[in-house]
Amino acid sequence: MKHIAIGILGAATLGVMASAASASTLDDVKAKGFIQCGVSTGLAGFSAPDDKGDWQGIDADFCRAVAAAVFGDGSKVKFTPLSAKERFTALQSGEIDILSRNTTWTINRDTALGLNFIGVTYYDGQGFMINAKKLPGVNSALQLSGAAVCVQSGTTTELNLADYFKSNKMEYNPVVFEKLDEVNAAYDAGRCDVYTTDQSGLYGIRLTLAAPADHVVLPEIISKEPLGPAVRQGDDQWYHIVKWTYFALLQAEELGITKANVEEMKASDNPEIKRVLGQEAETKIGTDLGVSNDWVVNIVKTVGNYGELFERNVGSGSPLKIARGINALWTKGGLQYAPPIR
Amino acid sequence: MASQEILREEPSRGSFVNDPKVRSLFFQAVVVVLLVAGVWWIAQNVIANLTRLHIASGFGFLKGRAGFDISESAIAYSSDSTYGRAILVGFINTVIVAVVGIITATIIGFIVGIGRLSQNWLIRKICTVYVEVFRNIPPLLVIFFWYSGVLAVLPPPRDSINLPFGSFLNQRGFYFPSAVWGDGSWLIFVALLVGIAMAWFVARKAHQRQMATGQQFPVFWTSAALIVGLPLLAYALSGFPLSFDYPKQSTFNLTGGFQVSPEFLSLYLALSCYTAAFIAEIVRAGIRGVSKGQTEAAAALGLRSGSILRLVVVPQAMRIVIPPLTSQYLNLTKNSSLAIAIGYPDLTATAGTVLNQTGQAVEGVLIMMAVYLILSLVTSAVMNVVNARMALVER
């Protein structure tokens, strides 16, 4: 009886938390005056605090874009750093409103975990990094049999790793940590030979190592890792706001609307630009969504369009220097495509 | 007859409401009803909310394929095994570190505890410093100290430190040769069992003889000869079936032999050192709790100081030591969940990964709590048996 009671008490905590989030997320967010955004514990280019303690990166900026759409003010965001293991429970329990934390979209997470992914803000794939100085002659992941591999627990990375080594009939020794900085420290100290995570992450992590030039990212990409923000199931309005914020970022880039020219663009003759920026007479696009009609203007003023956001955080304007690749717009041969805003 | 009637009437005297028995029953019933209602309400709330949030529930997920690997496992496990087996692997890892940790902590604790009462100034002070240092540092820091401060700064596998008997020490752990048992090696185990049984028999006979005649018999050396000698004899007779698998350098790591990971080592050393400091204090209190008259009386009988400690003081001190010792054993077991900080795959780590991969937080946490609770209750039960055997037999 005693242990059942204790167990139920723990369950109750989750139950009570869940019921606290039962009202409409948009109303909750407006009432408290900010968006609670779940981010990583520090991954350069995606979500990491800068020297002033402000969160920077694609994932952090995406939450600012949603705040700009809802409040007209991108600063109304509070960030919650979460480990890979904590992230889903934090969203399920209502502790955060958006999970924007380099999280891979999978069917299991969309269904059994009760989440809704809103789209793919970054198309990634899992790769391997080794210390080329300590392991000369290794230039393919297929040479890694017998290696000790550092990986973060509770990720799709951990699962892909097991599948990859199994299907190639190779042995490995997993060295698993819960937090990213623990994995980084263990790899840097030489506890393992190989670091595996999403390839974009590897480039970011390499910069934080003691001697970045010694480390190389191997060419193999062993999985599809579509990274995107997620919200709780059961609140379609909030889901649509977050989803269309993402599409608005893409649409702005497609139409050439940038942080610098958004005010001029308002006066554009192009009916599509006018419609997207809420300048059409009697427009109801924004209010139907649950935000103001100049929501796209607010978003672009705050974080720029998708291209600007990408280049600033992981592309040419950042130390990571990752090429757009498949993350380019569909018009430029990439996969980023937004349905029309009309 | 008259007095009986008075007695029978007594409960009904005064109001029914004022009867202490009825009142006590009433309040107990109210508490039980409230508790049951509360539990029922909470359970309903959880189920309703999980359904509303479209989160899967139930324990069916335990049969699903885990898909992730675990670095250390005492039983056969691969990514094709089930989630349930992954949790079992974690549970066994917790039990392993708890059991060896408890044994080591007890040994260090007794040595340090007795050392603190030593007549020798240096030994006394060293033991005091040990206790004060480890008792006043949080266990997590002790774990980090061993992991990052001691084991991580060892050389990489290529420059392993060579130790005697073909064993190696490097930052990936401690490697030593593992035994490969050939044909006929069952004889050695049989000989070992026979040796232990004979040693026990000899000890009993010797005790009986000493009780009857006062003559002593060298029990220790006879037992040692039996337990070591018989298996050695069997080993020779069965044609030396034992060979060793030595760790060898390969591309990345040392392979072959037996590997003890730095995660296990640091957790084990940290928990042992930390808990030993508390056990030392308990042992010191226990010995202090035996009145000085006992020692003086034993000395007056002509016993030497070692025998006084072994035959008179420690048996009486154990009665004071065992109950608080149980708490320390439970603490050590529960502190082993700090393993998650350094990546040792204990119950919390593996069940946590399962929880995350399946998203079934309520079930995962319930399993973890139930397992730790059962583990602690079993430890307490074992210690209660020990305590009952040690307790003063009163006639």
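This report walks through a predicted model, starting with the strands and helices of chain A and ending with chain B.

## A five-stranded sheet in chain A

Let's begin with an open sheet of 5 strands in chain A, which you can trace in the order β10-β9-β11-β8-β12. The pairing in this sheet is mixed. Which strands sit at the edges? They are β10 (172-177) and β12 (215-217) of chain A, and each of them pairs on one side only. Averaged over the sheet and ignoring direction, neighbouring strands are turned by 30° against each other.

Zoom in on one pair: β8 (residues 126-131) and β12 of chain A run antiparallel and are joined by 3 bridges. To find one of the bridge partners, look for A:N131, which is matched with A:H215 in β12(A).

## Helices on the sheet

Helix α6 (residues 156-167) of chain A packs on this sheet, where it touches β8, β9 (147-152), β10 and β11 (194-198) of chain A. Its direction makes about 155° with that of β9(A).

Now look for helix α7 (residues 180-188) of chain A. It lies across β9, β10 and β11 of chain A, and it runs at about 160° to β9(A).

## An enclosed strand

Strand β1 (residues 35-39) of chain A is worth a stop. Is β1(A) largely enclosed or largely open? Of its 5 residues, 4 are buried, so the rest of the structure largely encloses this strand.

What does β1(A) pair with? One partner is strand β4 (residues 77-81) of chain A, which runs parallel to β1(A) and is joined to it by 5 bridges. Strand β5 (residues 98-99) of chain A also pairs with β1(A) in the parallel sense, this time over 2 bridges. You can use A:G38 as a landmark here: it stands opposite A:T80 in β4(A), and its bridge partner in β5(A) is A:L99.

## Two residues with a positive phi

Most residues other than glycine have a negative phi. Here are two residues that go the other way. A:N102 is not a glycine, yet it has a positive phi of about 25°. You'll find A:N102 in the loop between β5 and α5 (107-111) of chain A. With 29 other C-beta atoms within 10 Å, A:N102 counts as buried.

The other one is A:K169, again not a glycine, with a positive phi of about 55°. A:K169 belongs to the loop between α6 and β10 of chain A. Is A:K169 buried or exposed? It is exposed, because just 7 other C-beta atoms lie within 10 Å of it.

## Where the chains meet

How many residues does each chain bring to the contact? Chain B gives 42 residues and chain A gives 42 residues. On the chain B side, α2 (20-52), α11 (347-358) and α12 (361-390) each supply at least two of the residues that touch chain A. Sorted by class, the residues on that side of chain B are 21 nonpolar, 18 polar and 3 charged.

## A helix pair in chain B

Finally, find helix α10 (residues 305-335) of chain B beside α12(B): their axes come within 10 Å and cross at roughly 165°. Angles over 145 degrees count as roughly antiparallel, so that is the label for α10(B) and α12(B). Their crossing is right-handed.

Residues of α10(B) in this contact include B:M318, B:I322 and B:Y329, while those of α12(B) include B:Y372, B:L375 and B:M383. By class, the contact of α10(B) with α12(B) has 10 nonpolar, 6 polar and 2 charged residues.

Definitions and conventions. Residues are numbered from 1 along each chain as its sequence is written. Chains are lettered from A and ligands numbered from 1 in the order in which they are written. This is a predicted model: local features need pLDDT of at least 70, side-chain atom pairs count only at pLDDT 80 or more; totals for chains, interfaces and linings use all residues. Two strands pair if DSSP finds at least two bridges between them. Axes are lines fitted to C-alpha atoms, for helices over the stretch in contact, and angles run from 0 to 180 degrees between N-to-C directions. Two residues are in contact if their C-beta atoms, placed from the backbone, lie within 7 Å. A residue is buried if 20 or more other C-beta atoms lie within 10 Å of its own, exposed if 12 or fewer, and partly exposed in between; C-beta atoms are placed from the backbone. Ala, Val, Leu, Ile, Met, Phe, Trp, Tyr, Cys and Pro count as nonpolar, Asp, Glu, Lys and Arg as charged, and the others, Gly among them, as polar. Angles under 35 degrees count as roughly parallel, over 145 as roughly antiparallel, 65 to 115 as roughly perpendicular and the rest as oblique. A crossing is left-handed if the near helix is turned anticlockwise from the far one by less than a right angle, and right-handed if clockwise.
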